[in-house]
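These are my notebook entries on a single structure. I set out to look up its strands, its salt bridges and its aromatic contacts.

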Amino acid sequence: MSVCSVIPCYYLEAAIRYSLDGDGHNGKSDRVLACTGVGMKNSNPWSQMYIGQMRGDLMKNGRDNKAGKAIQCYRYLQSFSRRELDPNNLDDVMTAHEAGVQLAKSMFPGYKVLVVTQADGSGSTYQKYGDDYGCLHNHITVVNARASDGKCLRGKQTTWLCKDGFRDTSDKIVKQLIGNRFDPGKDTEVPSSSTTLRAMCKRNETLIENGEAPKYIVMEDLLQRVLDSKNSSVSWDDFKARLQTNGVHIKDLLPDGHLNPKHKYVTFVLDDLTAYHAAGGKKKSVSMRGSKKDPSLERNELIAYFRKKELDQRQAALEIKFPFCQSSPEEDNPDYDEYENL
């Protein structure tokens, strides 16, 4: 499985120069192993030549002079494990490049695309194998304007996870090119947005419908633990205790257990990483901003929720003890609010 990511870029020139110019991350000068401009005139891998051709399309939708204000291109990363493709093997290098070119033609017909193949990583893979290379990967830069009419990229062209999107298409192409060397990998990504989380959950629904086992989604796991704790709690202190039981805690609480008034959002941290690591996850910490995943976990919503829970419990207790009493003494006192500084 090729590891994929998508990054919207507001500076076309910077994105192109990042792919083509400068020394590699491993200190070597031969950063570019192969380069193809899909839908463009190809000669030497010279960044200014490609920038000029792509800018011509941006002029069709007015984004040419909007660097820093409008998305001028999308930069896609398509990376391969050393089990799939060996950067020391010239045939594998060209196979990786061919996978990028085919992906560009399949996903972005009518758009100018620059495909640059590199293997200049300087991280753990580079150190593990002890040679001059990291993993083979493609930098795929797509101008955000179709050549014919200036239409911007949209839908599955701008995300890596949706059905028949960037990663699905990439996997199909790589499978055809390398056969049984294809590594299916594991879905243990931490979603970067609510949109990505919904796409991953939708993908799991499709797997279940097809009779296949769903993939583990760590952010869905964390969200479910928080919601289960909230829905079964009767007070703020009960909520914190149930979170702890479910392997979660709230980040940066004050010593008295209340939310920090300086923090606008409530962040939940997953302490129980057993399932995540068993599924192949590598991160040492997983957290989420509650309001980004569920509106009911927004700070003020949480405070109002537990305030109402507490008042409802008091009212119920008073109705049992004093059937004709309609309000508690605390409610009659306008200055009383236990949750005011929560």
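The entries below follow the order in which I consulted the model, which is a predicted one.

**Entry 1. Strands β3 and β5**

I began with strand β3, residues 73-79, and asked how many of its residues are buried. Six of the seven are buried, and I noted the strand as mostly covered. I then looked up its pairing with strand β5, residues 137-143: the two run antiparallel and share seven bridges. Within this pairing, I found Val142 of β5 opposite Tyr74.

Tyr74 has a relative accessible area of 11%, and I therefore recorded it as buried, the limit being under 20%. Tyr76 is likewise entered as buried, because its relative accessible area is 0%.

**Entry 2. Leu114**

I next turned to Leu114, which belongs to strand β4, residues 113-118. Is Leu114 buried or exposed? Its relative accessibility is 0%, so it counts as buried.

I listed its contacts, setting aside neighbours within four places in sequence. Among them are Ile16, Leu20, Met40, Tyr50 and Met54, as well as His139, Ile140 and Thr141. I also looked up Val143, which lies 29 residues from Leu114 along the chain; their C-alpha atoms are 8.7 Å apart.

**Entry 3. The sheet β6-β7-β8**

I then examined an open sheet of three strands, ordered β6-β7-β8 and paired in the antiparallel sense. Its edges are β6 (248-250) and β8 (286-289), each of which pairs on one side only. From one strand to the next, the twist averages 25°.

Between β6 and β7 (residues 267-270) I found three bridges, with the strands antiparallel. Ile250 has Phe268, in β7, as its bridge partner. Helix α7, residues 218-231, packs on this sheet and touches β6, β7 and β8. The direction of α7 makes about 65° with that of β8. Helix α8, residues 236-245, also packs on the sheet, where it touches β6 and β7. Its direction makes about 140° with that of β6.

**Entry 4. Helix α8**

I stayed with α8 and asked which of its residues are buried. They are Trp236, Asp238, Phe239, Lys240 and Leu243. After the helix comes Gly247, with a positive phi near 80°.

A salt bridge joins the side chains of Asp238 and Arg242, with an N to O distance of 3.1 Å. Both residues lie in α8, four residues apart, which is about one turn of the helix. I noted the general point that an α-helix has 3.6 residues a turn, so residues three or four places apart point the same way. Asp238 counts as buried because its relative accessibility is 19%. Arg242, at 34%, is partly exposed.

**Entry 5. Further salt bridges**

I searched the whole structure and obtained eleven salt bridges. In one of these, Arg55 pairs with Glu13, the closest N and O atoms being 3.3 Å apart. Arg55 is in helix α2 (residues 47-58) and Glu13 in helix α1 (residues 12-20), so I entered the pair as a link between distant parts of the chain, 42 residues apart. Both are partly exposed: Arg55 at 33% relative accessibility, Glu13 at 30%. Glu13, Arg17 and Arg55 are linked in a salt-bridge network.

Asp272 and Arg225 form another salt bridge, their closest N and O atoms being 3.3 Å apart. Asp272 lies in the loop between β7 and α9 (274-278) and Arg225 in helix α7; the pair therefore ties together parts that are 47 residues apart in sequence. I recorded Asp272 as partly exposed, at 29%, and Arg225 as buried, at 14%.

**Entry 6. Aromatic rings**

My count of aromatic pairs came to eight. I looked up the rings of Tyr74 and Tyr76: their centres are 6.3 Å apart and their planes stand at 35°, so the pair is tilted.

One aromatic cluster consists of Trp236, Phe239, Phe268, Tyr305 and Phe306. I then asked which residue lies over the face of Tyr305. Lys230 does, at 3.9 Å from the ring centre. I closed the entry with Arg289, whose charged end sits over the ring of Tyr265, 4.0 Å from its centre.

Methods:
Residues are numbered from 1 along each chain as its sequence is written. This is a predicted model: local features need pLDDT of at least 70, side-chain atom pairs count only at pLDDT 80 or more; totals for chains, interfaces and linings use all residues. Side-chain values use heavy atoms; hydrogens and water are left out. Buried means under 20% relative accessible area, exposed over 50%, partly exposed in between (1.4 Å probe, protein chains only). Two strands pair if DSSP finds at least two bridges between them. Axes are lines fitted to C-alpha atoms, for helices over the stretch in contact, and angles run from 0 to 180 degrees between N-to-C directions. Contact means heavy atoms within 4.5 Å. A salt bridge is a side-chain nitrogen of Lys or Arg within 4 Å of a carboxyl oxygen of Asp or Glu. Rings of Phe, Tyr and Trp (its six-membered ring) pair if their centres lie within 6.5 Å; planes under 30 degrees apart count as stacked, over 60 as edge-to-face and the rest as tilted. A charge sits over a ring if NZ of Lys or CZ of Arg is within 6 Å of the ring centre and within 35 degrees of the ring normal.
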